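Thanks for coming, everyone. Please take a look at the structure on the screen. I will walk you through it.

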Amino acid sequence: MNTIGLDISQKTIDATLHKTDGSTYYTKVGNNREGFQSLKDWIKANKVRKCVIGMEATGIYYEAAAENLSETYTVYVINPLKIKDYGKSQFNRTKTDKADSNLIAEYTKRHADKIIPYSKPKNRYLQKLINLKQQLKDHQKQIKNRLHSSDDEMIQAIHQELIQAYQDKIDQTQTAIDAQIGQAETDGHYRNLQTIAGIGKDTAAILYAQLTDKTFQTANQFVSYAGLSPQTEQSGTSVHKKGRLSRYGHRRVKRSLYMPALVAYRTGAFPQLVLNMTNAGKPKMVIIVAIMRKLAKLAYYIVKTGKPYDSTRHKAAQA
């Protein structure tokens, strides 16, 4: 399999090609439309008809390249942490753009069968609005914390004005989110997601944007995508570490499910699950994470079936 690894920065793209005959080629192009065409010409010049291309999800810099190149080739967008850990496993000590593109090519070649191919997002603008709203809320929270720690009247007044200004922008962004969902919503998924215990408008919007944008074959695949799959380390009788959440996954989705899981826990939404884990001696936080995992599964099933939550029908997903 011909494989290309791209290390993408704001202005440039370093590309390393691994051909099936074992030969390796390198080039550097601009991170713009002209650069994408130059990359395609370079691929053809090296007599490659079919290939797969791997790149890291580096902020927003990869987006234009992924969209352009996916029209011609199979593209994989990879979590940077996975590339970093892979580099450590290979005892990689060289840190240059060229070396990184080579490392990405190697990882893509080895793991292409385990990565979901990139497809152009249907809900990119919606996701950007959701991210913007969260950023505004985070900034507003910081100012609220400064307000509580200040005893100067003038400083307090300025902070209060800033808090209100942020609130106005949050409300404006929420209106845009509602309008965007209203235009795209045809199957009632957004409303149905809010029928799950603990899921409100904000979390429903995040889940809607992800579940209607990508093709997940199973609920467990979505759970893994969200970074909610537990990791265990056991070896013989000497190594038996406590399970922990994966460092990988979509942080926004993972973060959005915490408060709904806490609400579901406090309101007794999943009594059998909580009872089983409590009887097994699991601490509260482990139970909360288990509820987060179940909420993600339920969200997947609801979008897949197009029906609202029904505790009887989704009993299997709660166990």
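**A first tour of the model**

The protein chain has 14 helices and seven strands. Both are DSSP runs, numbered from the N terminus: helices are H or I with at least four residues, strands are E with at least two. This is a predicted model, where local features need pLDDT of at least 70, side-chain atom pairs count only at pLDDT 80 or more, and totals for chains, interfaces and linings use all residues. Residues are numbered from 1 along each chain as its sequence is written, and side-chain values use heavy atoms, with hydrogens and water left out.

Now the overall picture. The C-alpha trace of the protein chain spans about 60 × 60 × 45 Å along its principal axes. Of the 319 residues in the chain, 43% are buried. Buried means under 20% relative accessible area, exposed means over 50%, and partly exposed is in between, using a 1.4 Å probe and protein chains only. Next, contacts, meaning heavy atoms within 4.5 Å. Take those between residues at least 6 apart in sequence: 58% join residues at least 24 apart.

On to the rings. How many aromatic pairs does the structure hold? Six. Rings of Phe, Tyr and Trp (its six-membered ring) pair if their centres lie within 6.5 Å; planes under 30 degrees apart count as stacked, over 60 as edge-to-face, and the rest as tilted. Start with phenylalanine 222 and tyrosine 225. Their ring centres are 6.3 Å apart and their planes are at 20°, so this pair is stacked. Both residues sit in helix H9, residues 219–225. They are three residues apart, about one turn of the helix. Phenylalanine 222 has 0% relative accessibility, so this residue counts as buried.

Compare tyrosine 300 and tyrosine 301. Here the centres are 5.6 Å apart and the planes are at 70°, so the pair is edge-to-face. Tyrosine 300 is buried, at 6% relative accessibility. Tyrosine 301 is partly exposed, at 30%.

Back to the stacked pair for a moment. Phe222 and Tyr225 form one aromatic cluster with Phe216.

One more ring, this time with a charge. Lysine 98 lies over the face of tyrosine 26, 4.9 Å from the ring centre. The rule is that NZ of Lys or CZ of Arg must be within 6 Å of the ring centre and within 35 degrees of the ring normal.

Next, pockets. We use a 1 Å grid over the protein atoms alone; a pocket is an open set of points where a 1.4 Å probe fits, with protein on both sides within 12 Å along at least five of seven lines, and lining residues have an atom within 4 Å of a point. Grid points are joined across faces, edges and corners, and a volume is the space filled by probe spheres set on the points.

The largest pocket has a volume of about 1900 Å³. Its lining has 47 residues, and the closest to the centre are Ala57, Lys214, Tyr225, Gly249 and His250. You have already met Tyr225, in the aromatic cluster. Which helix gives the most to this lining? H5, with six residues. By class, the lining divides into 20 nonpolar, 15 polar and twelve charged residues. Ala, Val, Leu, Ile, Met, Phe, Trp, Tyr, Cys and Pro count as nonpolar; Asp, Glu, Lys and Arg as charged; the others, Gly among them, as polar.

The second largest pocket has a volume of about 460 Å³. It is lined by 18 residues. Nearest its centre are Gln134, Lys137, Asp202, Thr203 and Ser256. H5 again supplies the largest share of this lining, six residues. Seven lining residues are nonpolar, four are polar and seven are charged.

Thr203 leads us to helix H8. Nine of the eleven residues of H8 are buried. Thr203 is one of them.

Two single residues to finish. Isoleucine 83 is in helix H3. It is buried, with a relative accessible area of 4%. Leaving out residues up to four places away in sequence, isoleucine 83 touches Glu56, Ile78, Leu103, Ile104 and Tyr107.

Last, lysine 47. It is in the loop between helix H1 (33–45) and strand E4 (52–56). Buried or exposed? Exposed, with a relative accessible area of 74%. Its phi is near 55°, a positive value in a residue other than glycine. Most residues other than glycine have a negative phi.
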